[in-house]
Amino acid sequence: RKRDGLLHRDSLAYPYLAGHGYACLRIDLRGSGDSEGTMLDEYSEQELSDLYEAIEWIARQNWCSGRVGMTGKSWSGFNALQVAAKQPPSLKAIIPVHAAADRYADDVHYMGGAMLHDNFAWASIMYSLEALPPDPAVVGPAWRAMWQQRLDAMRFWLRPWIEHQRRDEYWRRASVCEDYSKIRIPILAVGGWEDGYSNTVPMLLESCRDIPVHGLIGPWGHAFPFNAVPGPQMGYLQHCLRWWDRWLKDIENGIDREPGYRIWMNESFRPDPDARERVGRWIVEDGWPSPHIRMRRFHCNTAGLGDHAVDGWDRAIRSPADTGTTHPEWCSNGNCSADMPADQRADDAKSLTFDSAPLEAPIEMFGAPMATLTISADRPQAKIGVRLCDVWPDGGSSRISFMLFNLTHRD
């Protein structure tokens, strides 16, 4: 909804780019905002076809050089990747922000086959947004008929999301991870450690080998890097401008020769669901995977977390149903709404915990932690949640990373 819902955000960004000679278009998808038609689900083939046509229409205008870039956060970041895979001739570069290459395993719906709270919340949000009318100031007297058509066609999107609980064609369609080779233009992929989509950045770096791909991950939640929390923020629009100048105007500004991966390395932080800043520093890598990282293995054993395995032991757990309330949100909105993980001690008390000895020196972790577990369950349905936490001397527990897994998906 370009006229109200996202106006406050976009008005902070696009005037800057327009001031540097870029025509910036914000488009309501078919069936939303001031566009006619109906919208029956996210990322439909109709939606992607419309965007393809919009890009080619833009390229034909006399104020356009014929070279178009596409950017956006979340849904429109998904769109940037999905439309790039459709290869419209005039689309020359993209900047997807907080987006996913994998609609099933890396979106708001399921994690490891376990249904997420956001599966319900996002469906409910979209149900209310879809019920809003177009603006009479834009569409004129037809607004009421357009609105009635929209209301008549509406359906609750939760139903197909629940009907497809495994990775089938419903999710594979429009997941660019199914064939990264379809994307043939430069990508600047942006993520945040408190966001839910940070996996996409290294996935694109590792998988899109034949095109320029740069990655940027900061400490942020689900907001743009120029105003997201936790900070520090960065000169994000200036960075985007260099990307567009290089690939849309052929300006040799050197951005393509800079390190391909910029990452904010957090220092240890105390648990705080409303943290405004993260102490740390920027580091760079030429790409991903990195030759500078080595794996360190820890073993769960009877004494906790140690360097050596111990054979012949087991522990049992049946966590209470309210385990997980120290972080009810799948990802932070990045806007000071106290939605980041709180002190994990309450959930630690309801879980099996494996603590290491106090660290004698700092450990820097970068990449994806992996957990290998040998499990048996005495129920036909069960799930596990694994959390990696930083425990402070006073007992405060900060969550670093987590994963859910539905054990019925074990095969």
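# Exercises on cysteines, strands and cavities

Cys 300 is partly exposed, with a relative accessible area of 33%. In this scale, buried means under 20% relative accessible area, exposed over 50%, and partly exposed in between, for a 1.4 Å probe and protein chains only. The model is predicted: local features need pLDDT of at least 70 and side-chain atom pairs pLDDT 80 or more, while totals for chains, interfaces and linings use all residues. Residues are numbered from 1 along each chain as its sequence is written, and side-chain values use heavy atoms, without hydrogens and water.

**Exercise 1.** Determine how many disulfides the structure holds, and examine the surroundings of Cys 300 and Cys 240.

*Solution.*
Step 1. A disulfide is a covalent bond between the sulfur atoms of two cysteines. The criterion is a pair of cysteine sulfur atoms within 2.5 Å.
Step 2. For Cys 300, the closest cysteine sulfur belongs to Cys 389 at 13 Å, which is too far for a bond.
Step 3. A search of the whole structure returns zero disulfides. Cys 240 accordingly takes part in none, and its nearest cysteine sulfur, in Cys 24, is 11 Å away.
Step 4. The accessibility of Cys 240 can then be added: this residue is buried, at a relative accessible area of 4%.

**Exercise 2.** Trace the pairing of strand β6 with β5 and β7, give the handedness of each crossover, and state whether β6 is buried or exposed.

*Solution.*
Step 1. Helices (H or I, at least four residues) and strands (E, at least two) are DSSP runs, numbered from the N terminus. Two strands pair if DSSP finds at least two bridges between them.
Step 2. Strand β5, residues 187–192, is parallel to β6 and joined to it by six bridges. Within this pairing, Ile 217 of β6 has Gly 191 as its opposite residue.
Step 3. On the other pairing, β6 (residues 213–218) runs parallel to β7 (residues 261–266) with three bridges. Here Leu 216 faces Arg 262 of β7.
Step 4. The path from β6 to β7 passes through α11, and this β-α-β crossover is left-handed. By contrast, β5, helix α10 (residues 200–207) and β6 form a right-handed β-α-β unit. A crossover is right-handed if, with the strands pointing away from the viewer, the path from the first strand over the helix to the second runs clockwise.
Step 5. Six of the six residues of β6 are buried, so this strand is largely enclosed by the rest of the structure. Both faces are covered: one side carries Val 213, Gly 215 and Ile 217, the other His 214, Leu 216 and Gly 218, all of them buried.
Step 6. The sheet continues from β7 to β8 (residues 280–285) in the antiparallel sense, over six bridges. Ile 263 stands opposite Ile 283 of β8.

**Exercise 3.** Locate the cis peptide bonds before Pro 230 and Pro 232, and the positive phi values of Gln 87 and His 98.

*Solution.*
Step 1. Val 229 and Pro 230 are joined by a cis bond with omega near -5°. Pro 230 belongs to the loop between β6 and α11.
Step 2. The bond from Gly 231 to Pro 232 is also cis, with omega about 10°. Pro 232 lies in the loop between β6 and α11.
Step 3. Gln 87, a residue other than glycine, has a positive phi near 60°. The loop between α4 (75–86) and β2 (91–97) contains Gln 87, which is partly exposed at 33% relative accessible area.
Step 4. His 98, likewise not a glycine, has phi near 50°. His 98 sits in the loop between β2 and β3 (110–111) and is buried, with a relative accessible area of 0%.

**Exercise 4.** Count the cavities of 30 Å³ or more and describe the linings of the largest and second largest.

*Solution.*
Step 1. On a 1 Å grid over the protein atoms alone, a cavity is a set of points where a 1.4 Å probe fits but cannot get out; lining residues have an atom within 4 Å of a point. Points are joined across faces, edges and corners, and the volume is the space filled by probe spheres set on them.
Step 2. Four cavities reach 30 Å³ or more. The largest holds about 110 Å³.
Step 3. Its lining has 13 residues, with Ala 13, Tyr 14, Thr 71, Phe 224 and Tyr 236 nearest the centre. Elements giving two or more residues to this lining are α2 (14–18), β1 (68–73) and α11 (236–248); α11 supplies the largest share, four residues.
Step 4. Ala, Val, Leu, Ile, Met, Phe, Trp, Tyr, Cys and Pro count as nonpolar, Asp, Glu, Lys and Arg as charged, and the others, Gly among them, as polar. The largest cavity thus has 10 nonpolar, two polar and one charged lining residues.
Step 5. The second largest cavity encloses about 50 Å³. Its lining includes Glu 194, Asp 272 and Arg 399, and divides into four nonpolar, two polar and five charged residues.

Definitions and conventions. On a 1 Å grid over the protein atoms alone, a cavity is a set of points where a 1.4 Å probe fits but cannot get out, and a pocket is an open set with protein on both sides within 12 Å along at least five of seven lines; lining residues have an atom within 4 Å of a point.
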